[in-house]
Amino acid sequence: MRRVGGRSFLKQGFVAFPLILDHELVEWSDALKSAVCRFRRTGSTSARKRARHGGTCGVSACGRPVGTISPIRRLSKRSLATILSLLATCLPASADLIWPTPNPAFQNGESIEAYVQPTASGRVESGLFGCTRNGGSRFHEGLDLFPIKRDRRREAADPIYSVLPGRVVYVSEVAGHSSYGRYVVVEHDGEVPAYHTLYAHLASVAGGITPGARVDAGTVLGIMGRSATYAIPKSRAHLHFEIGLRLTDDFQAWFDRQPFGSPNHHGKWNGMNLVSVDPLDFYQSVRAGRVANLLDYLQQLPAAARVRVHSRAVPSFVRNFPALVTRPYEGRTVVAWDIAFTQYGLPKAWTPRFAEERLPGQPGNVRLIAYNPTLLETQTCREVVTMAGTTPTISPGTIGTIRKLFGFR
Ligand SMILES: [Zn+2]
């Protein structure tokens, strides 16, 4: 990655608001409406009914890919017919996506109480992704799943499965090196974009699960546990499961500029370099046939803000996930990128801007060009844009993400 040099080069440019009412923004409003709708339905009776009768679209239970006998045997003839018709239409992508634990509850359409591990608060929502903790002020970047098997010492004993075929890219065996505890990251290089899944708090990592190893959907990565840098009681052992993208391949350079007193043990697979989507919402969307893969999913997620970053660099994020770029840029002089961020800060769509467009601004300028007030006003943590006062500003968290993406100092 080319780096823009200089001290404090990152400056927020003049913030353009009120909203730029262009075509894209109109699309955002539509997406927003459907997002609110989905949110309300989550966990409701209608969602459970849909889950029961909506087919699988590639999501299966018990770590077994769709097409094996066991999950289907539990279903009625009517459900089976629905599944088969849906499979015909949505088999091509994410067809092998399976659940990461042996608990069949999600596949059986049961409520989240049947598989989600809450924090000590006991509120089941606290195990979900999003602003689910400390009264909504604290972000949880994954989905917590409890065990259905215990050994003689009452420790969790569930095997943890890779949810798709892929390649092991990182294994952290030392529990004390991360709040993830012992964790494994698998990159799904057959998917578009080539996203990763992350499996944390493991008790142990399975033999042969080392960086570079190929895995299938259903390959055992390790055993569920409660490893972390803090104490997780036996009763709350769980899998912390993430689906996401890494921000940069040059994470170490960013890390070296921070005043941290401890080394980076995890290379680019440090949690600070990973951005995620809501795993449960993704699974529900795939199962219901609303999306076929992560690209579809990201495209239908509403954007919370669009930010213009002036830089002639092509970040590693763009090279790693070219499907998120909205138009070709090869052979042209890129002077800026318009980046649409999801509600929780994932840079989901990148539009290159070219020299001949004569945009005002110079390298290092960052400008808020559109934001989604309805979405941001309901957000209680992790704001992409801070709505305090009358002037919406790009949040410190988003500025941090942009520094990692572009290598700005
Ligand atoms: Zn968690």
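Helices here are DSSP runs of H or I with at least four residues, and strands are DSSP runs of E with at least two, both numbered from the N terminus. By that count, the chain has 10 helices and 19 strands.

What you're looking at is a predicted model: local features need pLDDT of at least 70, side-chain atom pairs count only at pLDDT 80 or more, and totals for chains, interfaces and linings use all residues. Residue numbers start from 1 along each chain as its sequence is written.

**Backbone oddities**

Strand β8 is home to H201, which has a positive phi without being a glycine. R358 also has a positive phi and is not a glycine, but it sits in the loop between β16 (347-354) and β17 (365-371). How do these two fare for burial? A residue is buried if 20 or more other C-beta atoms (placed from the backbone) lie within 10 Å of its own, exposed if 12 or fewer, and partly exposed in between. H201 counts as buried because it has 27 such neighbours inside 10 Å, while R358 counts as exposed because it has 8.

| Residue | Phi |
|---|---|
| H201 | near 70 degrees |
| R358 | about 50 degrees |
| G407 | near 75 degrees |

G407 comes right after helix α10. That helix covers residues 396-406, and its buried residues are T398, T401, I402, K404, L405 and F406. There's also a cis peptide bond between V192 and P193, with omega about -10 degrees; P193 is in the loop between β7 (182-187) and β8 (196-202).

**The core**

Of the 409 residues in the chain, 43% are buried. A nonpolar core is a set of buried Ala, Val, Leu, Ile, Met, Phe, Trp, Tyr and Cys residues joined through C-beta atoms within 7 Å. The largest one has 85 residues, and V184, Y199, L202, A305, V307 and F341 have the most contacts inside it. It lies between domain 1 (11-34 + 302-406) and domain 2 (44-287), because both give residues to it; the domain bounds come from an automatic or database assignment.

Take V184: leaving aside neighbours within four places in sequence, its contacts (C-beta atoms, placed from the backbone, within 7 Å) are V168, V171, Y199, L202, V205, I209, L221 and G222.

**A small sheet**

Strands pair if DSSP finds at least two bridges between them. One open sheet has three strands in the order β5-β11-β9, paired antiparallel. Its edge strands are β5 (159-161) and β9 (204-205), each pairing on one side only. Three bridges join β5 to β11 (residues 220-223), and P159 has I223 as its bridge partner in β11.

How values were computed
Contact = placed C-beta atoms within 7 Å.
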